[in-house]
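Let's take a walk through this fold together, going from charged pairs to helix packing and then to a few odd spots in the backbone. Keep the viewer open as you read.

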Amino acid sequence: MKPTTAWLVAGAATAALLWGAARARPPVLPEPDAAALVAARAAADSLTVRRAREIALYERRAREDTMSAADLAQLAGLFLQRSRETGSYEDFRRAERTARRSLALRTSRNEKTLLTLASSLLAQHHFADARTVAQALVARDPDRASYRALLAEIHLELGAYDSAAHHFALLRPARAELAVAPRLARWAELQGRTDEARRILYDARDAATRRADLPREQLAWFHLRVADLELRNGRLREATRALAAGLAVDPLDRRLLAAAARLAAARRDWRGVLAWGARAGAGADIATLALMGDAHRALGDSVAAERCYAAAEHAAAVTPEPFNRQWTLFRLDHGRALPATLRLLQREIRQRPDVYGWDQLAWALLLNGRPEDARAAMAPALRLGTRDAMLLAHAAAIARATGHDAEARRYADAARAVNPHLWPLPQAPAPRAPAQLAGGPR
């Protein structure tokens, strides 16, 4: 499973919104107790040492036998696994480079390395290259559901929805497989079938908890997927339960800590946002850093807010990657480099025309004073019938800005129905306000 989430990220909230308190406030997410944190840190340190030893072993073997495709394949897999455990972008690159070296030595009977290569390319957002590799895997073994699920996911990320639909239809009989279920759930959610997505994800989460062989980071990821879905749909009580279960698995998981910060923001608990974000430490992503800045601003500390915003910009600069939608959304929602961000999104939509790419482009056009162009760009963002509150809220703001008031009211009502914690809905130009409830986009 990818660490990010891969889908973590789709359904993004923006800084152009505030959250209203729930009528019945959900329970506060309990903080991990000291003993659990000590045990988790000890386990993490042990895993770090063990993984480093394994990598050093296979690096040595690869140096001693430069023609061993098997040793390089094992090393590439270790880099990929460590990147999932730590979030290291550089390890994704190492996995890619090492997998290519293995495949250069041997392509036959080396499907595991092809899978490692495709997964590392996908994690780096090199979608077109990942698709080529995944297509080769499916051509070799059309009946292996995990290969086809990977290809279907890549088509989904690229916005090639007809191709994605074809592959997902073939995967229905394998919907219970853990490599398939979360991808099917994401496809259902994009098509507005949220209840179906929820059933699939809960079943997959329950199946994962019964698997004693799953690495801890993978089990935590299944809890995260449930929590992200519930956060996007304003079901804070259910999100709290999912996050509590995930943090019981791994109280140091940076992805769960980021989601806990978003949950705190949904409750308008700005100090809670800062506490959960601080726990993520160096693992805090751009969306979490931006949210911490918004929390500081809500608490009246503009200096601390700007430090967090600067840290978000620095994180994007240190590890530049294509289609960094956390970064572009942060810039849009905070009024930073709007013309440059629009130009970037205009280039990227030609390569990745998915609904969230169109949504960001439409929002950028509106914020750059081009409401009619924004309206045209919003149409393909809505084409699947996605029931995402932030996407619908953007559609409402664009309809209002172009004088379609009745349409704006329909979209605004739909956004509130999906997530009643979005209030007021975003306007143009976007005001400075707390961000990222729905999770960082991919």
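Start with E111 and R140, whose side chains form a salt bridge with the closest N and O atoms 3.0 Å apart. E111 sits in helix α4 (residues 111-123) and R140 in helix α5 (residues 127-140), so this pair ties together parts that are 29 residues apart in sequence. Keep in mind that you're looking at a predicted model. How exposed are the two partners? E111 is partly exposed, at a relative accessible area of 24%, and R140 is partly exposed too, with 36%.

A little further along, D141 and R144 meet in a salt bridge of their own, at 3.2 Å from N to O. Here D141 counts as partly exposed at 25% relative accessibility, and R144 gets that label at 40%.

Now jump to R331, which forms a salt bridge with E313, again with 3.0 Å between the closest N and O atoms. R331 belongs to helix α16 (residues 325-333) and E313 to helix α15 (residues 302-318), so the pair links distant parts of the chain, 18 residues apart. Are these two buried or exposed? Both R331 and E313 are buried. Elsewhere, salt bridges that share partners join D195, R198, E230, R235 and E238 into one network. Over the whole model, the count comes to 34 salt bridges.

Zoom out for a moment. The secondary structure consists of 21 helices and zero strands, and 57% of the 442 residues count as buried. If you take the contacts with a sequence separation of 6 or more, 67% of them are between residues 24 or more positions apart. As for the outside, the accessible surface comes to about 17,700 Å², and carbon and sulfur atoms account for 52% of that.

With helices and no strands to look at, packing is a good next stop. Two packed helices are described by the angle between their axes and the distance between the axes. Take α5, the helix that holds R140, and its partner helix α6 (residues 145-158): they pack at an angle of about 155°, with axes 9 Å apart. That angle makes α5 roughly antiparallel to α6. As for handedness, α5 passes α6 in a left-handed crossing. On the α5 side, the residues that meet α6 include F127, A130, A134, L137 and V138. Facing them from α6 are, among others, Y147, L150, L151, I154 and L158. Charged residues take part as well, including R131 of α5 and R148 and E157 of α6.

For a second packed pair, go to helix α12 (residues 254-266) and helix α13 (residues 270-280). Which way do these helices run relative to each other? Their packing angle is about 175° and their axes are 8 Å apart; α12 and α13 are therefore roughly antiparallel to each other. From α12, the contact is made by L257, A260, A261, A264 and A265. From α13 come W270, G272, V273, W276, G277, R279 and A280.

Next, have a look at the backbone torsions. Most residues other than glycine have a negative phi, and most peptide bonds are trans. Which residues go against that here? One of them is H125, with a positive phi of about 70° although it is not a glycine. H125 is found in the loop between α4 and α5, the two helices that the E111 and R140 pair ties together. At 8% relative accessibility, H125 counts as buried.

F323 also has a positive phi, of about 55°, and it isn't a glycine either. F323 lies in the loop between α15 and α16, the helices that hold E313 and R331. With a relative accessible area of 6%, F323 is buried. Try putting a distance label from F323 to Q124: their C-alpha atoms are separated by 9.3 Å, although these positions lie 199 residues apart along the chain count.

Last stop: R375, in helix α19 (residues 371-381). R375 counts as partly exposed at 27% relative accessibility. Leaving aside residues up to four places away in sequence, R375 touches I398, A399, T402, H404 and E407. The C-alpha atoms of R375 and H394, 19 residues apart along the chain, are separated by 9.9 Å.

Definitions and conventions: Residues are numbered from 1 along each chain as its sequence is written. This is a predicted model: local features need pLDDT of at least 70, side-chain atom pairs count only at pLDDT 80 or more; totals for chains, interfaces and linings use all residues. Side-chain values use heavy atoms; hydrogens and water are left out. A salt bridge is a side-chain nitrogen of Lys or Arg within 4 Å of a carboxyl oxygen of Asp or Glu. Helices (H or I, at least four residues) and strands (E, at least two) are DSSP runs, numbered from the N terminus. Buried means under 20% relative accessible area, exposed over 50%, partly exposed in between (1.4 Å probe, protein chains only). Contact means heavy atoms within 4.5 Å. Accessible areas come from the Shrake-Rupley method with a 1.4 Å probe; for residues, only the protein chains shown count as cover. Axes are lines fitted to C-alpha atoms, for helices over the stretch in contact, and angles run from 0 to 180 degrees between N-to-C directions. Angles under 35 degrees count as roughly parallel, over 145 as roughly antiparallel, 65 to 115 as roughly perpendicular and the rest as oblique. A crossing is left-handed if the near helix is turned anticlockwise from the far one by less than a right angle, and right-handed if clockwise.
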